[in-house]
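Hi everyone, thanks for making time this morning. I'd like to walk you through one residue and then one interface, so let's bring the structure up.

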Number of protein chains: 6
Amino acid sequence: MSKIAVYPGSFDPVTNGHLDIITRAAGVFDQVIVGVLQNSGKQPLFNMDERVQMLKNVTSNLPNVIIDCFDGLLVNYCDKQKATVIIKGLRAVSDFEYEFQMALMNYKLSPHIETLFMMTNSKYSYLSSSMVKEIGRLGGSLDDLIPPSIMTQVFNKVNDLGR
Amino acid sequence: MSKIAVYPGSFDPVTNGHLDIITRAAGVFDQVIVGVLQNSGKQPLFNMDERVQMLKNVTSNLPNVIIDCFDGLLVNYCDKQKATVIIKGLRAVSDFEYEFQMALMNYKLSPHIETLFMMTNSKYSYLSSSMVKEIGRLGGSLDDLIPPSIMTQVFNKVNDLGR
Amino acid sequence: MSKIAVYPGSFDPVTNGHLDIITRAAGVFDQVIVGVLQNSGKQPLFNMDERVQMLKNVTSNLPNVIIDCFDGLLVNYCDKQKATVIIKGLRAVSDFEYEFQMALMNYKLSPHIETLFMMTNSKYSYLSSSMVKEIGRLGGSLDDLIPPSIMTQVFNKVNDLGR
Amino acid sequence: MSKIAVYPGSFDPVTNGHLDIITRAAGVFDQVIVGVLQNSGKQPLFNMDERVQMLKNVTSNLPNVIIDCFDGLLVNYCDKQKATVIIKGLRAVSDFEYEFQMALMNYKLSPHIETLFMMTNSKYSYLSSSMVKEIGRLGGSLDDLIPPSIMTQVFNKVNDLGR
Amino acid sequence: MSKIAVYPGSFDPVTNGHLDIITRAAGVFDQVIVGVLQNSGKQPLFNMDERVQMLKNVTSNLPNVIIDCFDGLLVNYCDKQKATVIIKGLRAVSDFEYEFQMALMNYKLSPHIETLFMMTNSKYSYLSSSMVKEIGRLGGSLDDLIPPSIMTQVFNKVNDLGR
Amino acid sequence: MSKIAVYPGSFDPVTNGHLDIITRAAGVFDQVIVGVLQNSGKQPLFNMDERVQMLKNVTSNLPNVIIDCFDGLLVNYCDKQKATVIIKGLRAVSDFEYEFQMALMNYKLSPHIETLFMMTNSKYSYLSSSMVKEIGRLGGSLDDLIPPSIMTQVFNKVNDLGR
């Protein structure tokens with residue numbers, strides 16, 4: 001039986017930490033669907049199209065990875081995609097607490113869907129999309145933080161914002 | 001490609017919390033090998049044979065679960081079993097910290113093996129083999145803590161110890 | 001001497017986790033005053049009247065529970081009510097940290113008032129008013145999350161919001 | 001209805017942190033029973049008689065505090081004493097995790113007994129019986145760590161041990 | 001070689017906890033530069049001039065402490081000031097997590113600058129600028145929370161806000 | 001005024017994580033004294049002479065680092081060495097809790113000595129002397145875990161132990 005996993009997130013923008021999780025998950029599951037969240041409550045820096053395009057760009061070498069977007073309940077989206085696994089990355093204890101609550105809630109809503117956690121590679125343990133935007137805005141280098149192929153795009157957008 | 005996962009532990013004795021993880025992992029992976037650890041440093045209450053038999057007993061309804069024992073490095077055992085996934089259960093933040101270190105170390109030793117974490121069902125979040133032995137020794141009920149089919153065996157062993 | 005405890009919160013809306021704490025606190029103290037906080041800084045989904053009415057509704061079977069509202073310092077409100085105990089529920093480490101700071105600060109302001117903590121029942125460890133509103137908004141079921149008697153009211157309000 | 005609370009521990013020896021909790025609990029409950037644990041698994045520095053005597057000594061001014069000892073399950077001891085409340089002090093996150101598990105387990109064994117937590121006064125947040133013994137053994141001052149009336153007794157015992 | 005340390009923060013307003021760290025850091029390093037952050041993203045209660053003046057006021061007795069303001073990347077500011085050390089205070093685990101990420105990121109950006117952490121005195125472990133503003137706004141006493149010499153100024157500003 | 005810092009520990013054996021802290025501390029303070037603890041309570045794998053020699057070996061390129069041993073209270077040792085700073089490395093939250101207690105206790109015993117914490121480089125966040133001994137004993141590679149110049153010595157000792 002083919003195993004499909006969903007890796008949900010805002011990816012605003014995708015970081016090297018996200019890409020590390022996607023790559024490793026693609027080695028474990030038959031198909032990994034990166035689900036970009038339409039979050040009506042938060043105003044992202046990059047619009048949905050840009051976030052999806054950047055993800056497609058940096059995962060083009062991973063044949064079993066699909067980029068998609070969704071809104072509504074994550075467990076409903078998994079059902080629609082016939083995915084039975086949710087993948088989450090954990091960096092630190094504060095991640096753990098929040099993700100613990102989400103996993104228990106999702107288990108309550110849909111006990112047939114399993115949440116599996118991967119530890120983020122320790123060299124990315126400090127990394128988040130917010131930190132990328134903050135450092136870019138303040139003029140710091142984004143080398144090693146985001147994939148080279150989206151460097152110019154992120155740099156330009158963040159600088160537009162700063163102005 | 002068939003996916004094999006190893007779920008390692010001491011299982012001294014197996015609890016309902018362990019069984020919950022085994023059952024859910026068996027729904028995600030093609031084969032789950034429960035690897036009972038020969039830990040030369042700790043004196044278990046149940047010997048290796050007893051721990052393996054109890055595990056076989058309580059997982060007899062799960063066709064894709066195998067009970068085995070191992071010593072040496074976990075990652076070497078995984079290679080020998082052609083397993084590319086290690087499954088660990090997380091109950092609480094203190095678990096998280098220790099498991100985080102182990103996962104990073106195992107990743108350093110064998111980057112081709114992934115450690116995946118499952119959250120323990122919240123109704124077992126207080127449960128551990130040590131707690132089972134402690135409560136049994138003090139005369140408390142083990143109902144809901146361990147599977148019914150091993151209740152008498154665990155009860156008798158713990159009471160022998162108490163005498 | 002009669003012991004009066006205050007259980008403060010926003011209750012926007014009351015969840016099964018809150019109700020569990022209220023019920024258990026009512027078994028320990030002579031009187032439990034549920035103090036609904038007028039928080040000028042946050043815009044609640046339910047107005048003060050609605051929150052008080054829902055609490056009265058779900059605690060009507062608990063004769064020693066009183067629903068009230070307050071603004072200003074919690075310790076001043078306790079003094080006014082002749083309460084010497086503040087009750088707080090703890091779900092997780094992140095709760096603990098924040099509540100620890102609040103308890104130490106309240107102790108500094110009024111050392112004659114004790115803050116006592118109860119662990120939330122593990123089956124509600126993932127539950128919060130925010131999670132209820134989020135799940136309701138996304139169309140998920142609120143069964144087991146909030147008391148049945150306020151189900152329709154919460155469902156309707158949340159759906160109004162979604163539109 | 002009179003409210004009886006049990007405050008369990010090893011008290012090997014009692015510290016100013018313990019005494020702070022006992023004193024504050026005595027202000028909340030009608031009777032506080034300090035239950036000294038017979039722990040067959042650990043060899044205490046002070047025998048049961050010494051620990052009980054030191055506790056009686058330092059709580060002699062608190063008329064509603066009783067010093068007692070117990071073995072077996074804490075919840076059974078509470079039932080025997082007609083106590084419906086267990087009091088525990090929390091100093092830090094690591095306390096919290098362990099105490100959380102114990103509270104959930106005790107709740108599972110006896111849902112009619114409530115565990116209530118008090119935050120240790122921040123000026124004692126670094127203090128434990130182990131730390132007292134370690135510092136005493138290394139020749140450090142125990143002022144502010146243990147009550148003055150047991151200073152000589154603890155100092156002598158610890159120094160005997162050091163020799 | 002003279003050692004210069006930067007202690008960055010918003011100081012909106014400076015608390016006794018900040019002053020404790022500044023005073024102790026001034027005992028360790030040849031020069032301590034308190035760097036008040038121009039945070040374009042948050043609207044402070046006190047403007048930059050007020051925050052700098054209050055800091056100068058309460059550190060006037062510390063000859064090797066300089067008050068300054070900065071925007072942009074902290075590590076760039078350190079380089080400009082020839083500072084090779086960043087000082088941060090830690091109160092609790094949640095501080096730790098965030099500061100851990102910031103320290104790792106700053107180390108990545110500028111490995112020649114070291115972040116050193118001091119534990120906040122336990123009597124200030126509950127204290128933050130936000131808590132000061134909240135308590136002041138609700139009419140509580142700010143004694144022991146902020147230095148006496150800025151008491152009137154903070155009190156008046158907070159009350160203005162309340163109106 | 002010359003600043004002397006003590007970096008205390010068991011160093012049984014020294015790891016790359018320890019060496020990272022020593023090297024960075026040597027860049028901040030005029031002199032760093034690595035204080036190897038005579039811990040009467042624990043039986044080390046390497047005796048005091050071996051631990052001191054390995055440390056001297058791996059720090060021979062750092063002119064302002066001195067290797068020494070001590071027993072008794074750390075703060076007394078600092079006074080004897082005219083050191084006013086204690087350096088500790090932090091890897092994770094569990095380190096933080098313990099080190100927080102120790103720092104508060106040492107501050108209570110000797111308020112003129114400051115404990116300063118450095119975050120361990122994230123690539124060593126999983127590393128400890130215990131983990132080195134465990135992995136060596138189980139036949140795993142110690143590359144990147146300990147300095148090359150002590151590799152043979154540690155390997156032989158650990159294998160002796162295994163036999």
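Let's start in chain E, where Asp20(E) sits in helix H1, the stretch covering residues 16–28. Please keep in mind that this is a predicted model.

Is Asp20(E) buried or exposed? Its relative accessible area is 13%, and buried means under 20%, so Asp20(E) counts as buried.

Who keeps Asp20(E) company? Its side chain makes a polar contact of 2.9 Å with the side chain of Arg24(E). The Asp20(E) side chain also reaches the backbone nitrogen of Asn121(E), at 3.4 Å. Leaving out residues up to four places away in sequence, Asp20(E) touches Thr120(E), Asn121(E) and Tyr124(E), plus Tyr107(F) from another chain.

Now let's move over to chains A and B. Here 27 residues of chain A are in contact with 27 residues of chain B. The area buried between the two chains is about 2400 Å², and carbon and sulfur atoms give 70% of that. Which three residues supply the most on the chain A side? They are Val28(A), Phe96(A) and Met119(A), with 26% of the area that chain A buries against chain B.

For those of you who like charges, there are 2 salt bridges across this interface. One of them pairs Arg24(B) with Glu114(A), with the closest N and O atoms 3.0 Å apart. There are also 5 residue pairs in polar contact across it.

On the side of chain A that touches chain B, helix H1, strand E4, helix H4 and strand E5 each give two or more residues. H4(A) gives the most, with 8 residues. By class, that side has 15 nonpolar, 5 polar and 7 charged residues.

Note on methods: Residues numbered from 1 in each chain as written. Chains lettered and ligands numbered in written order. Predicted model: local features only at pLDDT ≥ 70, side-chain atom pairs only at ≥ 80, totals over all residues. Heavy atoms only, no water. Helix = DSSP H or I, 4+ residues; strand = E, 2+ residues; numbered from the N terminus. Buried < 20%, exposed > 50% of the residue type's maximum accessible area, 1.4 Å probe, protein only. Polar contact = N/O pair within 3.5 Å; in protein donor to acceptor, adjacent residues only side chain to side chain. Contact = heavy atoms within 4.5 Å. Buried area = accessible area lost by both parts, 1.4 Å probe. Salt bridge = Lys/Arg side-chain N within 4 Å of Asp/Glu carboxyl O. Nonpolar A, V, L, I, M, F, W, Y, C, P; charged D, E, K, R; others polar.
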